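Biologist: Hey, I've got a new structure open and I'm not sure where to start. Can you walk me through it?

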Amino acid sequence: MIKPMSRLADSFWRAAAYCLHPRVIGLSLLPLIVSAALAFGLGYFFWEAAVAGVRATMESWSLIDGMLKWLDSLGAASFRTVLAPIIVLAMAVPALVVLSLLLVALLMTPSMVDLVAQRRFASLECKHGAGFVASLSWSLGHTVLCVVLLVASLPFWLIPPLALILPPLIWGWLGYRVFTFDVLAEHASGPERRRLITEHRMPLLVLGLATGYLGAAPAAIWAMGALTIAFAPVLILVSVWLYTLVFAFSSLWFSHYALAALQEMRRADTVADRAPDPVMDALPANYEAAPPRVLDQVENVDDRQDPAPGPTPRIENKPSPL
């Protein structure tokens with residue numbers, strides 16, 4: 001049996017190679033278009049209202065308002081102007097991450113699973129353990145729970161170490177739950193899917209954690225301070241594209257790992273379910289050939305007692321002496 005970590009590394013390189021496939025590149029455009037349209041639409045209709053609401057909330061808090069007045073006295077009055085938009089953008093980034101992951105899972109993962117199965121697991125039987133409705137319900141339920149966890153963890157983001165740990169952990173857990181279900185929905189039955197998730201929980205969690213940190217990497221483009229406000233439309237488009245690529249790669253990574261694990265699990269079950277043979281099972285482990293039959297032994301004995309006759313001797317025609 002291949003070790004799980006070795007399979008993780010093998011699946012990683014295979015997923016990276018599949019990202020260059022024309023079909024994967026074409027599929028990545030659909031989530032990009034949908035998420036970019038939603039981001040620009042929401043920004044167009046709600047940006048000013050959101051910034052005004054955040055600014056009013058900050059001014060209503062005496063502690064924050066006092067800190068802003070102190071900054072104004074130091075000549076940093078411009079900080080009050082850009083603080084509210086930066087907070088709105090910081091709150092929008094997690095929503096973009098979750099939206100991109102959900103769109104990739106729904107719009108790209110089924111097609112990429114088919115691509116991986118056709119090229120690498122053509123003989124793997126499809127048992128149709130879950131349909132589109134079940135996959136959609138599973139993804140939406142876990143997405144809502146993820147949003148709740150993100151909102152509940154917002155106060156801890158003010159602590160620098162936790163700000164680098166909590167969001168990737170939550171996104172990684174969401175990717176682990178959503179991608180594993182969607183990858184196995186077509187090929188594994190319900191019991192097989194639950195068993196595989198139980199037996200491979202730790203490698204799948206590691207894969208999900210890696211997905212979470214990969215998903216957090218594009219957020220670095222927002223670390224430009226006040227410039228993020230001026231270039232917000234372009235940065236939103238670039239970040240959505242990066243999130244789509246990251247989660248498309250993660251979906252391929254899950255596909256290669258989960259389908260390989262499913263194939264190995266079925267092979268092990270086939271060997272375990274072999275009908276017992278009372279004769280062959282009684283033989284020593286190093287006995288490679290079947291024992292000779294009794295009839296073959298009798299024929300061999302007869303051959304030794306009655307050797308095969310040789311050629312008939314030649315009779316020469318010599319004249320008789322009589």
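Modeller: Sure. One term before we begin: helices and strands here are DSSP runs, with at least four residues for a helix and at least two for a strand, numbered from the N terminus. Also keep in mind that this is a predicted model.

Biologist: Got it. So how many helices and strands are there in the protein chain?

Modeller: The protein chain has 14 helices and zero strands. Read from the N terminus, the elements go α-α-α-α-α-α-α-α-α-α-α-α-α-α.

Biologist: And how much of the chain is buried?

Modeller: Of the 322 residues in the protein chain, 36% are buried. The accessible surface comes to about 19,100 Å², and 70% of that belongs to carbon and sulfur atoms.

Biologist: What share of the contacts comes from residues far along the chain, say 24 or more positions apart?

Modeller: Looking at contacts with a separation of 6 or more, 86% are between residues 24 or more positions apart.

Biologist: OK, let's look at single helices. What's α3 like?

Modeller: Helix α3 covers residues 29-60, which is 32 residues. From first C-alpha to last it reaches 43 Å, close to the 46 Å expected at 1.5 Å a residue.

Biologist: Where is the kink in α3 centred?

Modeller: On Phe 46, and the kink is about 60 degrees.

Biologist: Which residues of α3 are buried?

Modeller: Pro 31, Leu 32, Ser 35, Ala 36, Ala 39, Val 51, Val 54 and Met 58.

Biologist: Some of those numbers are spaced in a regular way. Why would residues three or four places apart point the same way?

Modeller: An α-helix has 3.6 residues a turn, so residues at that spacing point the same way.

Biologist: Makes sense. New topic: how many aromatic pairs are there?

Modeller: The structure holds seven aromatic pairs. In one of them, the ring centres of Phe 12 and Trp 13 are 5.1 Å apart with the planes at 85 degrees, so that pair is edge-to-face.

Biologist: Are those two buried or exposed?

Modeller: Phe 12 is partly exposed, at 28% relative accessible area, and Trp 13 counts as exposed at 61%.

Biologist: What about the pair of Phe 12 and Trp 253, how are those rings arranged?

Modeller: The centres of Phe 12 and Trp 253 are 5.1 Å apart and the planes are at 70 degrees, so this pair is edge-to-face. Phe 12 lies in helix α1 (residues 4-18) and Trp 253 in helix α13, so the pair ties together parts that are 241 residues apart in sequence. Trp 253 counts as buried, with 9% relative accessibility.

Biologist: Which residues do the ring pairs link into a cluster?

Modeller: Phe 12, Trp 13, Phe 249 and Trp 253.

Biologist: Anything else in α1? Where does Asp 10 sit?

Modeller: Asp 10 is in helix α1 and is partly exposed at 32% relative accessible area. The side chain of Asp 10 makes a polar contact of 2.9 Å with the side chain of Arg 14. The C-alpha atoms of Asp 10 and Tyr 257 are separated by 8.3 Å, although their positions lie 247 residues apart along the chain.

Biologist: Back to α13, then. What's going on with Ser 255?

Modeller: Ser 255 is in helix α13, residues 232-272, and is buried with a relative accessible area of 0%. A polar atom of the Ser 255 side chain lies 2.8 Å from the backbone oxygen of Ser 251. Beyond its neighbours within four places in sequence, Ser 255 is in contact with Val 113, Val 116 and Val 183.

Biologist: Last helix: how far does α11 reach?

Modeller: α11 has 16 residues and reaches 22 Å from its first C-alpha to its last, close to the 22 Å expected. Its buried residues include Leu 204, Leu 207, Gly 208 and Thr 211.

Biologist: What does Thr 211 touch, leaving aside its neighbours within four places in sequence?

Modeller: Thr 211 is in contact with Phe 179, Phe 247, Ser 250 and Phe 254. Thr 211 is buried, with 1% relative accessible area.

Biologist: And Ala 216, buried or partly exposed?

Modeller: Ala 216, also placed in α11, is partly exposed at 22%. Leaving aside neighbours within four places in sequence, Ala 216 is in contact with Pro 168 and Trp 171.

Conventions: Residues are numbered from 1 along each chain as its sequence is written. This is a predicted model: local features need pLDDT of at least 70, side-chain atom pairs count only at pLDDT 80 or more; totals for chains, interfaces and linings use all residues. Side-chain values use heavy atoms; hydrogens and water are left out. Buried means under 20% relative accessible area, exposed over 50%, partly exposed in between (1.4 Å probe, protein chains only). A polar contact is a pair of N or O atoms within 3.5 Å; within protein, one must be able to donate a hydrogen and the other to accept it, and residues adjacent in sequence count only if both atoms are side-chain atoms. Contact means heavy atoms within 4.5 Å. The expected span of a helix is 1.5 Å times one less than its number of residues. The bend at a residue is the angle between axes fitted to the seven residues ending there and the seven starting there. Accessible areas come from the Shrake-Rupley method with a 1.4 Å probe; for residues, only the protein chains shown count as cover. Rings of Phe, Tyr and Trp (its six-membered ring) pair if their centres lie within 6.5 Å; planes under 30 degrees apart count as stacked, over 60 as edge-to-face and the rest as tilted.
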